[in-house]
Amino acid sequence: MNDTRKRFAIPRNGGKEVIYLCGNSLGLMPHAAAEAVQLQLTKWASEGVEGHFSEHYPWYSLAESLKENLAHVVGGLPHEVAAMGSLSSNLHHLMASFYRPTSKKHKILIEKHAFPSDLYIAQSQLKWHGYDPESGLILLSGDQDNVLHTAEVLDKIEENTGSLALVFLPGVQYHTGQFLDIEKITAFAASKGITVGFDLAHAAGNVPMKLHEWGVDFASWCSYKYLNAGPGAIAGIFVHEKHNPAELPLLAGWWGYPAEKRFQMKDTFIPAVGADGWVQSNPNVLSLASLKASLEIFASVGMPELRKKSMELTDKLEIILTSYNEFEIITPSNPAERGCQLSFRVRNNGRDFFDQLIEHGVIGDWRVPDIIRLAPAPLYNTMEDLDNLDSVIKNVLA
Ligand SMILES: *Cc1c(COP(=O)(O)O)cnc(C)c1O
């Protein structure tokens, strides 16, 4: 997979390729994505509405055509995934089916320092159902660096079994880069009869998962981080096949109707099989086109191979960072408990140091109050990027 970098546009600064370590925030553009989007624009220009069904990439079935590659990325079955909507609204949408609180059992287990959208979603779901958004949350505090211990998660589930309606966690934590033990947490919650949903924003395209095998109830992710589908790209959902959309309360839209019968325009909603039953609207074709192009790169490499390269890169980044006394890595040191991102604190003047990195062409990101995140993405970052980073750091600290 050494030549996948060629398949991406690498941003330049003053004519020189930057050291782009920010795929955790916005993945780079595959050249094939630009071509795919242009193809759809041309099709639109030349065919108008006929483009929905005409031979080449009919819009009507574009979402269907990328399912298999999407399923591969998250370890689901093709009928368990769908490309739709955007992450935060998908999570609300899925909770309409999977967060069914009662006065006795309405609490949501979530991290104290979850990504704000996740906290807002959990709080507003409680409020929407008439419960107190503060006392309705059971918070996981993690250690002083916000790293969670699986034991704490399981203990909290055990302690609150009688009142918990939902466990809602990230796959990979955005701030620390920790890869949670989705399998163990899901199995334990399931043994207590509690629904489990994951926000996979930082996990999809970063770490291999087996959502089907692990029995995860539902999940959603965005496609503009490691999935490289472009800013604001169409998101994805996973719903385990054990859940039948025909037997659950569901906020329906016409695109959730079986595709082959949709234009019968019937008055009563019947959901399509699997995750498709939750789709509400006809999807953004330009965004689907870039997602499809990007997923083809993932499929050609395969998640196991991608993970292997990812671990080599991140190990090297760790060796570089730990060779300086200035940095304190907060991401777990066990490679199985992280994806490609390392988060670290700079002992003195972290913000100054970060600004200097940018000046030297290193693109990472800064998270208040004092954390730098760098993520070597295996599809386009190389060992050479990291050697160059090392030289920049030496330079900046000299
Ligand atoms: C990036 C990110 C989001 C973004 O949500 P959108 O609805 O796509 O804006 C949500 N949750 C987490 C954990 C994220 O990292």
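**View 1. The largest cavity of the predicted model encloses about 50 Å³ of space.** A cavity is defined on a 1 Å grid over the protein atoms alone as a set of points where a 1.4 Å probe fits but cannot get out. Its volume is the space filled by probe spheres set on the points, which are joined across faces, edges and corners. Residues with an atom within 4 Å of a point form the lining; for the largest cavity these are G205, Y226, N228, F298, L306, A377, P378, L379 and Y380. By class, seven of the lining residues are nonpolar, two are polar and none is charged. Ala, Val, Leu, Ile, Met, Phe, Trp, Tyr, Cys and Pro count as nonpolar, Asp, Glu, Lys and Arg as charged, and the others, Gly among them, as polar. Across the whole structure, three cavities of 30 Å³ or more are found.

**View 2. Residues L87, S88, F115, D118, D199, A201, H202, C222, Y224 and K225 surround the ligand.** Each has a heavy atom within 4 Å of the ligand. This shell comprises five nonpolar, two polar and three charged residues.

**View 3. Side chains of S88, D199 and Y224 place polar atoms beside the ligand.** A polar contact is a pair of N or O atoms within 3.5 Å. From an oxygen atom of the ligand to a polar side-chain atom of S88 the distance is 2.7 Å. For D199, a side-chain N or O atom lies 2.8 Å from a ligand nitrogen atom. In Y224, a side-chain N or O atom is 2.5 Å from an oxygen atom of the ligand. The protein buries 82% of the 390 Å² that the ligand exposes when taken alone, with accessible areas from the Shrake-Rupley method and a 1.4 Å probe.

**View 4. Cysteines C22 and C222 are buried, and the structure holds zero disulfides.** A disulfide requires two cysteine sulfur atoms within 2.5 Å. C22 is in no disulfide, and the nearest cysteine sulfur, that of C340, is 11 Å away. For C222, the closest cysteine sulfur belongs to C22 at 13 Å, which is too far for a bond. C22 has a relative accessibility of 8% and C222 a relative accessible area of 2%, so both count as buried (under 20% relative accessible area, 1.4 Å probe, protein chains only).

**Notes.** Residues are numbered from 1 along each chain as its sequence is written, and side-chain values use heavy atoms, with hydrogens and water left out. In this predicted model, local features need pLDDT of at least 70 and side-chain atom pairs count only at pLDDT 80 or more, whereas totals for chains, interfaces and linings use all residues.

Technical notes:
Polar contact = N/O pair within 3.5 Å; in protein donor to acceptor, adjacent residues only side chain to side chain. 1 Å grid on protein atoms, 1.4 Å probe; cavity = no way out; pocket = protein on both sides within 12 Å on 5 of 7 lines; lining within 4 Å. Buried < 20%, exposed > 50% of the residue type's maximum accessible area, 1.4 Å probe, protein only.
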